[in-house]
Amino acid sequence: MYYTFSGFTQRLTGATSSSAYSPQGLRTNIPSESPTIIFATPTKVVSQSSPVVEYMGANKVPDLQRIFQASDEIPVHLKRGVPDRLLYRTTMALTVGGALYCLVALYIAAQPKNKLTAPSLFS
């Protein structure tokens with residue numbers, strides 16, 4: 001048995017196999033034109049004389065792959081050198097400081113407060 005979601009009743013309803021595999025909003029036809037490229041748009045229009053397309057920046061992926069895939073016993077979060085070490089140590093210092101602050105706050109909250117003694121009627 002095949003089911004489809006009914007937009008009217010907001011429930012699953014029985015359906016045929018062809019309608020179950022073609023849900024609402026999806027069309028079976030293929031568009032005749034390919035969609036425009038969004039992320040790799042060239043900065044210059046390709047002309048008849050120059051078939052080479054120039055992009056906004058250089059491809060850094062091979063360089064980063066070379067750095068991160070090297071087997072040099074350095075953890076991956078420290079592979080890029082000084083900036084990574086600085087970020088790591090700052091994060092660790094903030095974590096340790098926050099943990100100590102929480103412990104101090106819990107210690108202070110656990111201490112009983114001094115009650116002011118009111119004059120007693122029986123003394």
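**Confidence, fold and the Lys-79 loop in a predicted chain**

The mean pLDDT (the predictor's confidence in each residue, from 0 to 100) of this predicted chain is 77, and 66% of its residues reach 70 or more. In this predicted model, local features need pLDDT of at least 70 and side-chain atom pairs count only at pLDDT 80 or more, whereas totals for chains, interfaces and linings use all residues. Residues are numbered from 1 along each chain as its sequence is written, and side-chain values use heavy atoms, with hydrogens and water left out.

Trainee: In which element is confidence highest?

Mentor: Helices (H or I, at least four residues) and strands (E, at least two) are DSSP runs, numbered from the N terminus. Confidence is lowest in helix H1 (residues 17–20), at a mean of 65. The highest mean, 95, belongs to H3.

Trainee: In what order do the elements of the chain run from the N terminus?

Mentor: The chain contains three helices and two strands. Read from the N terminus on, their order is β-β-α-α-α.

Trainee: What percentage of the residues in the chain is buried?

Mentor: Buried means under 20% relative accessible area, exposed over 50%, and partly exposed in between (1.4 Å probe, protein chains only). The chain exposes about 12200 Å² (Shrake-Rupley method with a 1.4 Å probe; for residues, only the protein chains shown count as cover), and carbon and sulfur atoms supply 63% of that area. Of the 123 residues in the chain, the buried share is 5%.

Trainee: Among contacts between residues at least 6 apart in sequence, what percentage joins residues at least 24 apart?

Mentor: Contact means heavy atoms within 4.5 Å. For the contacts in the chain between residues at least 6 apart in sequence, the share that joins residues at least 24 apart is 0%.

Trainee: Is Lys-79 buried or exposed?

Mentor: Lys-79 is placed in the loop between helix H2 (61–68) and helix H3 (82–110). Its contacts, not counting residues up to four places away in sequence, are Ile-67, Phe-68, Ala-70, Asp-72, Ile-74 and Asp-84. Because its relative accessibility is 15%, Lys-79 counts as buried.

Trainee: Which residue offers the backbone oxygen that the side chain of Lys-79 reaches?

Mentor: A polar contact is a pair of N or O atoms within 3.5 Å; within protein, one must be able to donate a hydrogen and the other to accept it, and residues adjacent in sequence count only if both atoms are side-chain atoms. The side chain of Lys-79 reaches this backbone oxygen at 2.5 Å, and the residue is Ala-70.

Trainee: Which residue meets Lys-79 in a salt bridge?

Mentor: A salt bridge is a side-chain nitrogen of Lys or Arg within 4 Å of a carboxyl oxygen of Asp or Glu, and the structure holds two of them. The partner of Lys-79 is partly exposed, with a relative accessible area of 38%. The N to O distance is 2.9 Å, and the partner is Asp-72.

Trainee: How far apart are the closest N and O atoms of Asp-63 and Arg-66?

Mentor: Asp-63 and Arg-66 are three residues apart in helix H2, so about one helical turn separates them. Asp-63 is partly exposed at 38% relative accessible area, while Arg-66 counts as exposed at 56%. Their salt bridge has its closest N and O atoms at 3.2 Å.

Trainee: How far apart in space are Phe-68 and Lys-79, C-alpha to C-alpha?

Mentor: Phe-68 lies in helix H2 and is partly exposed, with a relative accessible area of 32%. Not counting residues up to four places away in sequence, Phe-68 touches Val-76, Lys-79 and Arg-80. Phe-68 and Lys-79 are eleven residues apart in sequence, and their C-alpha separation is 6.5 Å.

Trainee: What is the phi of Glu-73?

Mentor: Most residues other than glycine have a negative phi. Glu-73 sits in the loop between H2 and H3 and is exposed, with a relative accessible area of 78%. Although Glu-73 is not a glycine, its phi is positive, at about 65°.

Trainee: How much accessible area do Met-1, Tyr-3, Phe-5 and Leu-12 have together?

Mentor: Patches are made of residues with over 30% relative accessible area and no salt bridge; like charges are joined within 9 Å, and nonpolar side chains (Val, Leu, Ile, Met, Phe, Trp, Tyr) within 5 Å. Phe-5 belongs to strand E1 (residues 2–5) and counts as partly exposed at 46% relative accessibility. Met-1, Tyr-3, Phe-5 and Leu-12 form a nonpolar patch on the surface, with a joint accessible area of about 540 Å².
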